[in-house]
There are 2 protein chains.
Amino acid sequence: MQFKYLDNKPLETALSEYISLLQDTQSVKTEVIPVKNSLHRFTSQAVYATTSSPDYYAAAMDGIALRSSITFGVNETSPKILEIEKDFVIIDTGDCVPEWCDAVIMMEDVQYIDSRFVKIVNSAYPFQHIRQIGEDICSGEMIISSFRLITPSTIGALLAGGVEYVDVVVKPVVSIIPTGDEIVDIADKISHKGKIKEFNSAIFSAYINEWGGECIVYPIIPDSIELIRNALTDALTKSDIVLINAGSSAGRDDYTSTVISECGSVITHGISIKPGKPVILGIAGNKSVIGIPGYPVSGVIIMNTIVRKVIELWGKIYRESEMSINARLSKRLVSSLKYKEFIRVKLGRINEQLIALPLTSGAGIITSYMRADGIVTIDKNLEGIEAGSTVVVNLLKPLSEIEKNIIITGSHDPMIDEIDDILQCNKTAYSLSSTHVGSMGGIYAMKRGECHIAGIHLLDTETGEYNTRYVKTYCSEVDCTIIKGFKRVQGIIVAKDSRFSITSIADLVNHDIRFVNRQKGAGTRILFDHLLKKYSIAPDMINGYGREEFTHISVAQQIASGGADAGLGVFSAAKMYDLDFIPLCEEEYDFVVQSQFFNSKGWAVFEEAINSVVFKKRMEQAGGYV
Amino acid sequence: MQFKYLDNKPLETALSEYISLLQDTQSVKTEVIPVKNSLHRFTSQAVYATTSSPDYYAAAMDGIALRSSITFGVNETSPKILEIEKDFVIIDTGDCVPEWCDAVIMMEDVQYIDSRFVKIVNSAYPFQHIRQIGEDICSGEMIISSFRLITPSTIGALLAGGVEYVDVVVKPVVSIIPTGDEIVDIADKISHKGKIKEFNSAIFSAYINEWGGECIVYPIIPDSIELIRNALTDALTKSDIVLINAGSSAGRDDYTSTVISECGSVITHGISIKPGKPVILGIAGNKSVIGIPGYPVSGVIIMNTIVRKVIELWGKIYRESEMSINARLSKRLVSSLKYKEFIRVKLGRINEQLIALPLTSGAGIITSYMRADGIVTIDKNLEGIEAGSTVVVNLLKPLSEIEKNIIITGSHDPMIDEIDDILQCNKTAYSLSSTHVGSMGGIYAMKRGECHIAGIHLLDTETGEYNTRYVKTYCSEVDCTIIKGFKRVQGIIVAKDSRFSITSIADLVNHDIRFVNRQKGAGTRILFDHLLKKYSIAPDMINGYGREEFTHISVAQQIASGGADAGLGVFSAAKMYDLDFIPLCEEEYDFVVQSQFFNSKGWAVFEEAINSVVFKKRMEQAGGYV
């Protein structure tokens, strides 16, 4: 039971040290390929035109070619009749101009008399509507310089310049070696309780393909120094870069660092970033060997901050994820002084301002990376960033797409995802960007100008009415409108064929029943507290009152997996997991809509979606909606 | 000799009519593919998780797992000794937490006594460092909605949610039919004077691949109604979209429109845009058939404005070329009221302002599209846009790349391209963006704040000195510095083994000698005028004094192709075409550098390039530089 403490090197230092070591040892390989197959490759040297384009005097218009001298003095009052073959020839755009001609008159300016004679009413000047030889490219001219991305129009320019084969940088080959006793192949159909399906290699391969590399994915290697060493030795013969996934931290089975040291040297083990700290940067056989942490988000951060830079040694990278933009931070971010942190955020333009909304930050939460629009970096020497500050966001998606985000926050309901799907099916260009912070969270977000729409179901326990009073009380200073959404059945979700007989709230008072609650501020939590009060049940009489989940689905999930016996939620969530359900009440889920947004195209498409027949059908199918 | 007049429909009208007709007739086809092969495809329906992730209670840290209850009350002053297997187990990140444990203490907080005992000094709370089941994704949750782009992190989220196969939109198949008697295959080695090499299909295929489609390229079809009809009929059975290239205007051999009418119907023939007017939008067999004009730039404009929108019916398009940005227009743009015009521009940030510099606009100039950073659109009802106006530029390149443009303008010299190549070889991230407007043009651009560097060689005929006086006179109000560049030999370029004996300027006075001149404002033109004056030769004594070319290379090109007999230019241009050369003088080519740029990283890399050994070697190789 020994373990190593890791380094805590700043990212910039570690990266520049590593890249300069690699630059010294690696040389770029090149190959010659046909230009027409060279899309998105990088030139390895400057390319010069071998022919001019055009390489003859060409007609620039459809019309007639002639000697300009015979048209001198011609005008509306003294037109001229010309004879075919003798005075002119008919010519189409791009045709070679005969040597005895030096001008073209466009068809629209020619009056056709019969198949032999035409009339002209304007004179032509020498070289009128004739393309010069080399007008586009002269032979010998440089068409494109070294290490440039080949785009569709580059292909055109190269071919126009007579270049049919081009010398390009060979795509770097990247080997990915997944390791660990705890992981199993994604295609493995046998149930392995406590085993993790290996999907990091699929994510990493996708990035590498996107960045212009080629991948070799090894089968999963168990936690054995010898087997990992064999895999690495093999990979070093086949590839330019080797990624060893997991085994990079300091746990008892973390052999990656040892193996890299044996085959070459570890340059850095441990960088002060979060997530991603336990990365290993090594060099073996003059090649880059990187140990990547196992958590998907840590892995993705390392891919984007480090592996991408290594691949860039082979050429620039096409996709513009370097672009950054300023936005206003919606909530305070707390950070450690020890690490540079990468925070995933959603972005939305609200009241003309771009707002950055931080997402859940667990390193295991790969969905947060998928849903993120950008990354906010908090430097190591900062304790955090205050709400309302202007932050720099590195974009993960095109800005044009981000501008069409509809930010909806508040109470969770599975139907919100369905509305987004309808927006996509209707090809509206708009997307729903939803976060689940509970109904009260939605109200506060509306108040602070951090969402376009808040989804809420808040019971006024005094009047029995939903939502209106809450909006009046908390959003009095905000210009917003309540739009009726839908009604849904709330109830107790109970494990299928539970050994407990639960038919009402009162039955939950039983120490053996493991209850799972919703977070504070959730409409469902407010409902539950209201019901407890009504039945005079103290919260501490419920076993699990303090255990909080953030969505209906996750409550149902806990019950379905045997981690809990009961919880409050909507019927659709119970139905999704085939659980028992005791209906308690019907509640009104409404949309609070920010006024400026209410008058926009975004709301129009949203309203169309919630009023559509398709949406009604989806509610029926999910069940428990009225 | 008959011809049709074309429509002049506005682009927006034509496009929306056409797209709505296509939407009515076309249905999206789908297919199921493995998630790991689905990068950059589009989902065809919403995808829901089939398993939760994680689907067991997992350790979130390397450390020890135990029952939290046995740690209650433990602190620095009352630590506790624990025994392996009895009180705790060693656990690694991601491992399944045994059922009898409910907390994990991280390794860094555990003091290892020996292989059996550890000491802890902190208590643990229930579920500490344990990942909940479904923390990332709950089974049944929607992972991604319909018609969404699959990115690397989407692949991760899908696999984490237990989804291994995904229903995606089938890639649209696009047939490209090149037509025309005047075109020959690119691979055709036989010389065909007056024939055009067919490279449009390579450009179009590259765009279609970039936009997520697949291509079938037909062999070149001659101008024959029957043969074109056969090709179209065949293409309609094999593809979703058919592009017929050229034959879309109203020349004598333009059969495309006739053939589309016979097989289906022409919706629009002629749109009020420039370039690109004679496009044909048709539908045959419920499929889109588009006749694209033959000029490369017209074709590229139609691809980007129309074909792209048709392909988008199959899914959104990945690449962000929709992004736009504001910039200040450097020079007046004149436009026709009849057309919506698309102007290619270069962009550069000069004195903190983004400047748009229009490029040569001929529809045949495919290099202008390759070199452009963006497109400025001039609406149909505008006569033009004044210099200094703010214009919207649709970007063709990532903004991050554009921000690294070094704008160099002024006199042309082949060495400028070589400097750019050195910047690329040095992997500097900077690019030279050069335009050739002559030395005086460079001086004026510097004066107006439209370039970072002006390259000039201007002889002060009174003192015999180069450049200094011009900068003093014209750029007195601009903060700039002259940096010595290089010396080069100017002379008379003469056809190889010319029948004329030319040994000096005086010999050019001969009506049989076809001279080719440089444009007004070019340093070489000023030199020539100075020499004519010195020898008392009047300009009209030179045959071709009025014929202007814009670069040394294009002058040499005209002479090499037999279109001219002599011209003034640098030795390197003569050498490139193996022409004869009569040296006249050695001139000083210098760089005028704008001061703010002079203190930037951009100038540092430029200066490094011109002082490098590599640059000296390249000058030697080109010849005529000192």
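Biologist: What percentage of the 626 residues in chain A is buried?
Modeller: A note on the predicted model first: local features need pLDDT (the predictor's confidence in each residue, from 0 to 100) of at least 70, side-chain atom pairs count only at pLDDT 80 or more, and totals for chains, interfaces and linings use all residues. Residues are numbered from 1 along each chain as its sequence is written, while chains are lettered from A and ligands numbered from 1 in the order in which they are written. A residue is buried if 20 or more other C-beta atoms, placed from the backbone, lie within 10 Å of its own, exposed if 12 or fewer, and partly exposed in between. For the 626 residues of chain A, the buried share is 54%.

Biologist: What average pLDDT does chain A have?
Modeller: In chain A, 95% of the residues score at least 70. The model as a whole has ipTM 0.81 and pTM 0.79. The average pLDDT of chain A is 88.

Biologist: Is chain A compact or spread out?
Modeller: Chain A holds 17 helices and 36 strands (DSSP runs numbered from the N terminus: H or I of at least four residues, E of at least two). For 626 residues the globule rule (2.2 Å times the number of residues to the power 0.38) gives 25 Å, and the radius of gyration, taken over C-alpha atoms, is 34 Å, so chain A is well over that value and, compared with a compact globule, more spread out.

Biologist: How far apart are the C-alpha centres of domain 1 and domain 3 of chain A?
Modeller: The assignment, automatic or from a database, places domain 1 at 11-26 + 172-314 and domain 3 at 58-131. The C-alpha atoms of chain A fill a box of roughly 110 × 70 × 45 Å along the principal axes. Between the centres of domain 1 and domain 3 of chain A lie 69 Å.

Biologist: What kind of axis relates the two copies?
Modeller: Chain B superposes on chain A (by least squares on C-alpha atoms of residues with pLDDT of at least 70 in both) with an RMSD of 0.1 Å, after a rotation of 180° and 0.0 Å of shift along the axis. The relation is thus that of a two-fold rotation axis.

Biologist: Which element of chain B gives the most to the side that touches chain A?
Modeller: Counting a contact when C-beta atoms, placed from the backbone, lie within 7 Å, 89 residues of chain B meet 90 residues of chain A. Elements that each supply at least two residues include helix H3 (200-210), helix H6 (296-311) and helix H2 (152-160) of chain B. With 8 residues, the top contributor is H2(B).

Biologist: Is Ile513(A) buried or exposed?
Modeller: Ile513(A) sits in the loop between strand S32 (480-494) and strand S33 (515-518) of chain A. Leaving out residues up to four places away in sequence, Ile513(A) touches Phe500(A), Leu508(A), Asn543(A), Asp565(A) and Ala566(A). It has 20 C-beta neighbours inside 10 Å, so Ile513(A) counts as buried.

Biologist: Which residue is joined to Lys274(A) by a cis peptide bond?
Modeller: Most residues other than glycine have a negative phi, and most peptide bonds are trans. Here omega is about -5°. The partner lies in the loop between strand S19 (273-274) and strand S20 (280-284) of chain A, and the residue joined to Lys274(A) is Pro275(A).

Biologist: What is the phi of Ser536(A)?
Modeller: Ser536(A) lies in the loop between helix H12 (523-534) and strand S34 (548-549) of chain A. With 8 C-beta neighbours inside 10 Å, Ser536(A) counts as exposed. Its phi is positive in a residue other than glycine, near 55°.

How values were computed. Contact = placed C-beta atoms within 7 Å.
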